[in-house]
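Colleague: I am new to reading models like this one. Could you take me slowly through the part that faces the DNA?

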Protein chains: 2
Amino acid sequence: MMLSDVMEDYLKTIYQLQREGDDRIRTSEIATELDVTSPTVTSMLEKLEERGLVDREKYRGVTLTEEGKTVALEVVRHHRLLEAYLTEHLDYDWSEVHEEADRLEHHISEDFEARVAAALDDPDVDPHGSPIPGADLEPPTASDAESVTQFEEGDVVVVEEVADHDPEVLSYLADHGVEPGVELEILEIAPFGMITAQAIGADGPVSLPADVARHVRVASPSGVEH
Amino acid sequence: MMLSDVMEDYLKTIYQLQREGDDRIRTSEIATELDVTSPTVTSMLEKLEERGLVDREKYRGVTLTEEGKTVALEVVRHHRLLEAYLTEHLDYDWSEVHEEADRLEHHISEDFEARVAAALDDPDVDPHGSPIPGADLEPPTASDAESVTQFEEGDVVVVEEVADHDPEVLSYLADHGVEPGVELEILEIAPFGMITAQAIGADGPVSLPADVARHVRVASPSGVEH
DNA sequence: TTTTATTTTTAGGCTCACCTAATTCATGTC
DNA sequence: GACATGAATTAGGTGAGCCTAAAAATAAAA
């Protein structure tokens, strides 16, 4: 199937939004994410429906079909492999790779994908701890990690994934020790959702505004319930 | 200046055609090269002229302005750095890199360019022996190499550049020892322009049809006149 | 020089992905 | 159940990059 870059972007976006909980994805969510207007999204969703890539119920959003999911997974695989490669072999910092990968992900061949995967020895996760879909394009099995916002003061957790994309935010987090694999103690949860935490090994505490915290996914150490 | 991929392609094409001798580049040459129709080229040339990237004399072709040349050199630099990188670090064969580089060249950042150049230690030529424009984007100085078609039977020459792009042709040439750096003895020149030659170290002779030979650029060993 | 052939440009149209403005639908409130 | 509110869709339009067909300019031949 010959898809435009733009269509791939819509499918990827729908996939990512689906991952974040919701089942049906609404027009306006996609519009916000891709920074276009709602009518633009509506007409694109019609085209994606015609091609059998989304199931659409007028006025109440879309879900990906199996085929649409496969396309999205391919794009996500490209994106995360590129992020991993740039970090590993071209000396990029994890905070810088997103934008570059976003532009390249639509323009690499299957061959390139395979060579990059081989050079990295088929990694499971990208530098942000996000799972890289396998070459079979099966959906990666959901990890047991949850958003750090689900935990409480005093809990100690292990950072599994930092799904934010803003380079400045990521730099800040890295500077304060918040990276995949690090242990985090939750010191305080403010009423407006801001979390203050201490990363093991870091100089001082780190503050996570609600919208940043939402992207920090963590697990209890060794499967302890919280 | 914000240029579309397509505009970059036109400028690159004009630059390459200019390199191959002609001064003014005609509408039809560009059309053939980019596989579009003449009217399409005409209207694009108008746009490039408006933007000050080409000098146009109606009905008799275009030349690049300094600014247009700079853009073209940037694209060519991207292309050739990518070819070199793919060959050097991702195990591509020189016959395979062109197409991949052609798609990626428009989508890499300045930062990516710099990192790739650093990883390769600022190479002068790509795997086909074509010069890589420097980061300053000055036109590379013309080498003393000429097309092998300019030589005669019995001449011994050194291959400097193989500017063809067809993977099959390049594989054939590599199989018969025709690669940059190799010495070549011209055995026979047929009336219809086909050249038969023997590469030092290769099993048997190699036949270069006229349109292939044109792309094989060679120099006399140690500056001997021919 | 006139005619013919070739190349380029003009004219008019198409599709894609976007937009704004106006309308219709869905939903929660009285 | 009627009504207000917000979200989604329809209607109509734009620019980029492509096309075909027709006209004009250049170059070559008679």
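Colleague: How many nonpolar, polar and charged residues does the surface near DNA strand D have?

Modeller: Happy to help, and a word on the ground rules comes before the answer. This is a predicted model, in which local features need pLDDT of at least 70, side-chain atom pairs count only at pLDDT 80 or more, and totals for chains, interfaces and linings use all residues. Residues are numbered from 1 along each chain as its sequence is written, while chains are lettered from A and ligands numbered from 1 in the order in which they are written.

Now to your surface. By class, eight residues near DNA strand D are nonpolar, nine are polar and four are charged. Here a residue is near a strand if its C-beta atom, placed from the backbone, lies within 6 Å of it. As for the classes, Ala, Val, Leu, Ile, Met, Phe, Trp, Tyr, Cys and Pro count as nonpolar, Asp, Glu, Lys and Arg as charged, and the others, Gly among them, as polar.

Which residues should you look for? Of the 21 residues around DNA strand D, those that come nearest are Arg26(A), Ser28(A), Pro39(A), Ser4(B) and Pro39(B). Both chains also appear when you go by elements: α2 (27-34) and α3 (38-50) of chain A, and α1 (5-19) and α3 (38-50) of chain B, each supply at least two residues of this surface. The most comes from α3(B), which gives five residues. Such helices are DSSP runs (H or I, at least four residues), as strands are (E, at least two), and both are numbered from the N terminus.

Stay with chain A for a moment and find the loop between α2 and α3, where Asp35(A) lies. Its phi is positive, about 60°, although Asp35(A) is not a glycine. Most residues other than glycine have a negative phi. Asp35(A) is exposed, with 6 other C-beta atoms within 10 Å. On this scale, 12 or fewer such atoms make a residue exposed, 20 or more make it buried, and anything in between is partly exposed, with C-beta atoms placed from the backbone.

Last, see how the two chains touch. The contact takes 10 residues from chain A and 10 residues from chain B, two residues being in contact if their C-beta atoms, placed from the backbone, lie within 7 Å. On the side of chain B, α5 (97-104) and α6 (110-119) are the elements that give two or more residues. That side has four nonpolar, two polar and four charged residues.
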